[in-house]
Amino acid sequence: MKVYFTASLRGNLIEGLDYKIIYKILEKSGHTHLDSTLLNSDIQEFYNNSASKQLNLYKKTHENIGRADVVILEVSVPSLSMGYVLHKALDASKPVILLYKKGFDPHFAMSIQHDKLQVLEYDDANLERDMNTSLEIAQENADVRFNFFIPPKIGRYLDWISKFKKIPRSVYLRSLIEDDMRANQDYSDTS
């Protein structure tokens with residue numbers, strides 16, 4: 001699977017919090033990394049980047065979310081950026097795994113209920129086993145790609161929805177189907 005793993009760079013300052021271990025587990029499990037910013041960035045330089053470099057990072061983050069099969073966030077260190085990435089990934093219907101080191105509870109995420117979200121407390125002894133289990137669950141929960149042809153008139157309407165309602169076309173179509181599923185008394189979910 002293609003994995004977008006990220007976390008707050010400030011976590012590199014906390015003793016016992018080592019993002020490299022997570023990268024190694026992903027590599028060992030045969031997953032593809034989409035980003036190595038955490039491994040290749042100096043914290044001072046990162047937070048003092050120019051506006052154009054920050055804009056590039058923002059764009060790269062969105063691209064990585066779009067390309068990922070699963071998004072993994074290490075959230076032991078409170079970060080508005082991680083909350084933003086979590087929100088964007090769930091909006092894109094991506095499976096998300098939130099990892100946090102025992103004793104660093106991510107209070108913002110503890111009450112989020114979403115079928116694509118897993119919140120995983122770890123310590124050094126259980127990280128690899130539990131992360132691999134979570135990745136298997138995430139793979140089972142990944143969306144199925146479904147392509148179909150539409151007439152130009154419907155395409156223009158979906159483009160209009162996307163532009164003016166600020167809703168991705170796929171999210172809009174998915175919500176219509178979900179509304180119909182709820183309204184259809186004859187349908188019973190067999191899963």
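In the predicted model, Asn64 is located in helix H4, which covers residues 51-67. The relative accessibility of Asn64 is 2%, and this residue is therefore classed as buried, the limit being under 20%. When neighbours within four places in sequence are set aside, the contacts of Asn64 are with Tyr4, Leu34 and Asp35.

Helix H4 also packs against a second helix, H5 (residues 80-91), the two axes coming within 10 Å and crossing at roughly 40 degrees. Because this angle falls outside the ranges for roughly parallel, roughly antiparallel and roughly perpendicular pairs, H4 is oblique to H5. The crossing of H4 past H5 is right-handed. On the H4 side the contact is formed by Tyr58, Thr61, His62 and Ile65, and on the H5 side by Tyr84, Val85, Lys88 and Ala89. By residue class, the contact of H4 with H5 comprises five nonpolar residues, two polar residues and one charged residue.

Strand E3 contains Leu73. With a relative accessible area of 0%, Leu73 is buried. Apart from neighbours within four places in sequence, Leu73 is in contact with Thr6, with Met82, Val85 and Leu86, and with Val96, Ile97, Leu98 and Leu99. Of these partners, Val85 also takes part in the contact between H4 and H5. The C-alpha atoms of Leu73 and Tyr4 lie 8.3 Å apart, although 69 residues separate the two in sequence. Tyr4 is in turn one of the contacts of Asn64.

The largest nonpolar core contains 25 residues, and the members touching the most others are Phe5, Ile22, Leu26, Ile72, Leu99 and Leu135. Two or more residues are contributed to this core by each of strands E1 (2-7), E3 (70-74), E4 (96-101) and E5 (117-122), and by each of helices H1 (19-28), H3 (43-47) and H6 (127-140). The greatest contribution to this core, five residues, is made by H1. For Phe5, the contacts beyond neighbours within four places in sequence are Tyr19, Ile22, Tyr23, Leu26, Leu38, Ile72 and Glu74. A second core, separate from the largest, consists of 17 residues, among them Val75, Val85, Leu86 and Ala89. Val85 and Ala89 of this second core also belong to the H5 side of the contact with H4, while Val85 and Leu86 are in contact with Leu73.

Lys102 occupies the loop between E4 and E5. The relative accessibility of Lys102 is 54%, so this residue is classed as exposed, for which the threshold is over 50%. Outside the neighbours within four places in sequence, Lys102 is in contact with Glu121 and Tyr122. Lys102 and Asp124 are 22 residues apart in sequence, with a C-alpha to C-alpha distance of 9.4 Å.

For the protein chain as a whole, the secondary structure amounts to eight helices and five strands. From the N terminus, these elements follow the order β-α-β-α-α-α-β-α-β-β-α-α-α. The C-alpha trace extends over about 55 × 45 × 30 Å along its principal axes. The chain has 191 residues, of which 35% count as buried. Of the contacts between residues at least 6 apart in sequence, 62% connect residues at least 24 apart.

Notes:
Residues numbered from 1 in each chain as written. Predicted model: local features only at pLDDT ≥ 70, side-chain atom pairs only at ≥ 80, totals over all residues. Heavy atoms only, no water. Core = buried A, V, L, I, M, F, W, Y, C linked by side-chain atoms within 4.5 Å. Buried < 20%, exposed > 50% of the residue type's maximum accessible area, 1.4 Å probe, protein only. Helix = DSSP H or I, 4+ residues; strand = E, 2+ residues; numbered from the N terminus. Contact = heavy atoms within 4.5 Å. Axes fitted to C-alpha atoms, helices over the stretch in contact; angles between N-to-C directions. Parallel < 35°, antiparallel > 145°, perpendicular 65-115°, else oblique. Left-handed = near helix turned anticlockwise from the far one by under 90°. Nonpolar A, V, L, I, M, F, W, Y, C, P; charged D, E, K, R; others polar.
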